[in-house]
Each structure stands twice: as C-alpha cells, then as structure tokens.
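User: I have a protein chain open and would like to learn how to read it. Can we go through it step by step?

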Amino acid sequence: MLNVSEDELVLGNGSNQLLNIAAWTFMQDGDEAVMATPSFVVYSMAVQSTGGKSIQVPLKNYTHDLSAMADAITSKTKIIFIANPNNPTGTINKKDEFDRMMEKVPDNVLVVADEAYCEYVSDPDYADSMKYLRSNKNILILRTFSKIYGLAGLRLGYGIAKTEIISEMNKLREPFNTNSIAQKAGLAALNDKEHVIRSKTMNEGGKRFLYFQLDSMGIKYVPTEANFIYIPLENSMPVYEGLLKMGVIVRPMGPKAIRVTIGLPEENRRFIDSLRKIY
C-alpha cells in the first residue's frame with residue numbers, strides 16, 4: 001500500500017486527467033512548460049488548453065536530457081513534465097541526474113513526474129521521486145492502474161504531492177470524477193502483488209525474446225524499462241502498413257520509428273513472424 005496521507009493524494013479518471021488538472025491549476029495564458037521531445041503528446045495538449053507555451057527539449061540518447069531541461073527554465077516556466085519511463089522510448093532517468101536537476105529547479109516551478117510505467121522498471125538506479133515529496137519539494141507524482149495492473153477500462157489514476165498542491169488541484173477537479181467500483185478495484189490491485197510480479201515476469205520474458213529476434217534480424221532498438229520497445233527505422237510507414245495488413249498493430253512514431261507493445265508469447269511470435277515477411 002501507499003504510505004501517503006489522504007491530503008497528499010488526488011484521484012483522477014486516469015493519470016491523463018490529472019496532468020490536465022495540474023496544467024489548468026498552475027498555468028495561465030503566456031506561461032511556459034518544459035518537456036522532452038519525443039515524449040507523451042498529452043503534455044503539450046494540456047499546456048495548449050491553458051493558453052501556455054510548450055518548451056520542447058530534444059531527447060539525448062533517447063532519454064530525457066534533464067540538464068538541458070533545467071537550463072530551459074525561464075521566469076515564465078510553471079511546470080516541467082518528465083515521463084519516467086519515457087513514452088515512447090521506454091528509457092529512464094536515474095537517481096544522480098534527477099538529483100542534479102531538482103537542485104536547479106526554482107521553488108515556484110512544479111515538477112510533474114509521470115510514472116505510468118514505473119512498476120515495470122528493473123533498474124535499481126531508477127530515480128526515487130518519493131524522496132522529493134518527503135523533502136517538501138514541489139513535485140507531483142502521477143501513476144495509473146491502466147498499465148501493469150490491467151485496469152485501463154476502469155479509468156483510474158492517482159497523483160501524490162504535498163498537501164498544498166493537492167488542495168489547489170482539488171479546486172478544479174470535478175466532483176465524483178472516479179467511480180466507487182474503480183476505487184475498490186484500485187485498492188484490490190495495490191494488494192495483488194502476485195499479479196504485478198507475474199505481469200512483470202512475463203514482460204521481462206517477452207522483452208528478452210524480442211531483443212533476441214530483433215538482434216538476429218539486424219534491427220536496432222532502444223533498450224526499454226517499460227512494456228514496449230521503440231524501434232528506429234529509415235522509413236516506418238511501410239513497416240506499419242505491412243504489419244497492419246497482416247493484422248498486427250504497432251504504433252507509428254512519425255516517419256522514422258515504431259513503438260511495439262510487448263505482449264503475450266504468442267503475440268510476440270506473431271509480430272516477429274509478420275515482421276520477417278516484410279522487412
């Protein structure tokens with residue numbers, strides 16, 4: 001279970017809703033938010049809805065460049081969005097680099113740590129966002145039940161922050177924005193450690209299988225700490241369209257990459273078999 005008080009917790013209809021509420025709460029017309037690119041597209045959409053401006057900092061080695069993001073802060077900056085692990089690349093930011101960034105962030109800037117895929121991470125050097133909450137930093141930690149818990153259809157996410165931040169967000173949060181069934185399922189999911197272990201073990205096995213197969217085909221990929229793999233390509237659309245014709249759906253990430261979800265063993269094999277036919 002989470003070791004947080006009720007005043008440090010806000011529930012939402014998915015973590016997407018909560019990052020929108022954060023933007024609406026702490027940004028106004030003309031304000032800025034710093035984020036990486038490519039990263040989760042909803043960040044820029046949330047900022048746009050406030051009349052604010054997205055300051056997009058390119059990834060470095062497919063990973064958030066936290067030093068450059070800190071350098072991008074201006075007097076207009078209100079929020080920094082960090083997806084950790086990053087969506088779509090699956091990379092993580094580690095403890096030391098996160099510490100260095102947090103030292104540079106002014107007290108009036110909110111760091112939104114989007115940890116939707118955190119339960120999949122196996123790297124022991126993964127940044128510990130909760131320690132910043134306990135040291136009274138302006139950080140909002142977002143998590144969801146839609147990924148490793150498998151409850152996407154119930155639309156439930158949560159945010160953790162110090163009381164002052166949660167209190168301000170609750171002023172804009174719609175009443176009854178989560179239903180009682182979703183909340184009960186969320187509590188049960190937090191206690192179902194066996195399911196989480198089983199899901200993570202299956203994901204690790206699928207990851208190893210896909211790595212081996214991609215290596216054997218000479219296809220480069222970005223090592224991931226999430227449940228998907230980012231594959232850079234010279235031209236992604238023929239691959240996407242070819243797979244689609246065979247009933248295999250991947251996510252095109254612009255003209256130069258695809259994102260492939262790690263599935264069940266039979267799904268992973270079908271993807272590889274289909275990819276071999278077109279690549």
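Analyst: The questions below go from the whole chain down to single residues. Keep in mind that this is a predicted model.

User: How many helices and strands does the chain have?

Analyst: Both kinds of secondary structure occur here. The count for the chain is 10 helices and 10 strands.

User: What is the radius of gyration of the chain, and is it as compact as a globular protein of that length?

Analyst: Start with the globule rule, which gives 19 Å for 279 residues. The chain comes close to that value, so it is as compact as a globular protein of that length. Its C-alpha trace spans about 55 × 40 × 35 Å along the principal axes. The radius of gyration is 19 Å.

User: What share of the residues counts as buried?

Analyst: The cut-off for buried is under 20% relative accessible area. The chain has 279 residues to sort in this way. The buried share is 52%.

User: What share of the accessible surface belongs to carbon and sulfur atoms?

Analyst: The total accessible surface of the chain is about 13,600 Å². Carbon and sulfur atoms account for a share of 51%.

User: Among contacts between residues at least 6 apart in sequence, what share joins residues at least 24 apart?

Analyst: Take the contacts in the chain between residues at least 6 apart in sequence. Then keep those whose partners are at least 24 apart. That share is 69%.

User: Are helices α8 and α10 roughly parallel or roughly antiparallel?

Analyst: Helix α8 covers residues 193-217, and helix α10 covers residues 265-278. Their axes lie 10 Å apart, at an angle of about 10°. Angles under 35 degrees count as roughly parallel. The two helices are therefore roughly parallel.

User: How many residues of the contact of α8 with α10 are nonpolar?

Analyst: On the α8 side, the contact includes Phe-209, Leu-210 and Leu-214. On the α10 side, Phe-271, Ile-272 and Leu-275 are among the residues that take part. The whole contact also holds 4 polar and 2 charged residues. The nonpolar count is 7.

User: Which residue does a cis peptide bond join to Thr-37?

Analyst: Look at the omega angle, which is about 0° for this bond. The partner sits in the loop between β2 (32-37) and α2 (42-49). That partner is Pro-38.

User: What is omega for the cis peptide bond that joins Asn-84 and Pro-85?

Analyst: Find Pro-85 in the loop between β4 (77-83) and α4 (95-104). A cis peptide bond joins this proline to Asn-84. Its omega is about 5°.

User: Is Asn-61 buried or exposed?

Analyst: Asn-61 lies in the loop between β3 (53-58) and α3 (66-71). Its phi is positive, about 55°, although it is not a glycine. The relative accessible area is 67%, and over 50% counts as exposed. Asn-61 is exposed.

User: What is the phi of Tyr-62?

Analyst: Tyr-62 lies in the loop between β3 and α3. It counts as partly exposed, at 38% relative accessibility. Its phi is positive although Tyr-62 is not a glycine. The value is about 65°.

User: Is Thr-89 buried or exposed?

Analyst: Thr-89 is in the loop between β4 and α4. Beyond four places away in sequence, it touches residues including Leu-59, Tyr-62, Val-222 and Tyr-230. Its relative accessibility is 1%. Thr-89 counts as buried.

User: How far is Thr-89 from His-64 in space?

Analyst: The two residues are 25 apart in sequence. From C-alpha to C-alpha, the distance is 9.9 Å.

User: Which residues does Glu-119 touch, not counting those up to four places away in sequence?

Analyst: Glu-119 sits in the loop between β5 (110-114) and α5 (130-134). With a relative accessible area of 15%, Glu-119 is buried. Leaving out residues up to four places away, it touches Ile-148, Tyr-149 and Lys-200.

User: What separates the C-alpha atoms of Leu-187 and Gly-157 in space?

Analyst: Leu-187 belongs to helix α7, residues 180-191. It counts as partly exposed, at 47% relative accessibility. Gly-157 is 30 residues away along the chain. The separation of their C-alpha atoms is 12 Å.

Technical notes. Residues are numbered from 1 along each chain as its sequence is written. This is a predicted model: local features need pLDDT of at least 70, side-chain atom pairs count only at pLDDT 80 or more; totals for chains, interfaces and linings use all residues. Side-chain values use heavy atoms; hydrogens and water are left out. Axes are lines fitted to C-alpha atoms, for helices over the stretch in contact, and angles run from 0 to 180 degrees between N-to-C directions. Helices (H or I, at least four residues) and strands (E, at least two) are DSSP runs, numbered from the N terminus. Angles under 35 degrees count as roughly parallel, over 145 as roughly antiparallel, 65 to 115 as roughly perpendicular and the rest as oblique. Contact means heavy atoms within 4.5 Å. Ala, Val, Leu, Ile, Met, Phe, Trp, Tyr, Cys and Pro count as nonpolar, Asp, Glu, Lys and Arg as charged, and the others, Gly among them, as polar. The radius of gyration is taken over C-alpha atoms; the globule rule is 2.2 Å times the number of residues to the power 0.38. Buried means under 20% relative accessible area, exposed over 50%, partly exposed in between (1.4 Å probe, protein chains only). Accessible areas come from the Shrake-Rupley method with a 1.4 Å probe; for residues, only the protein chains shown count as cover.
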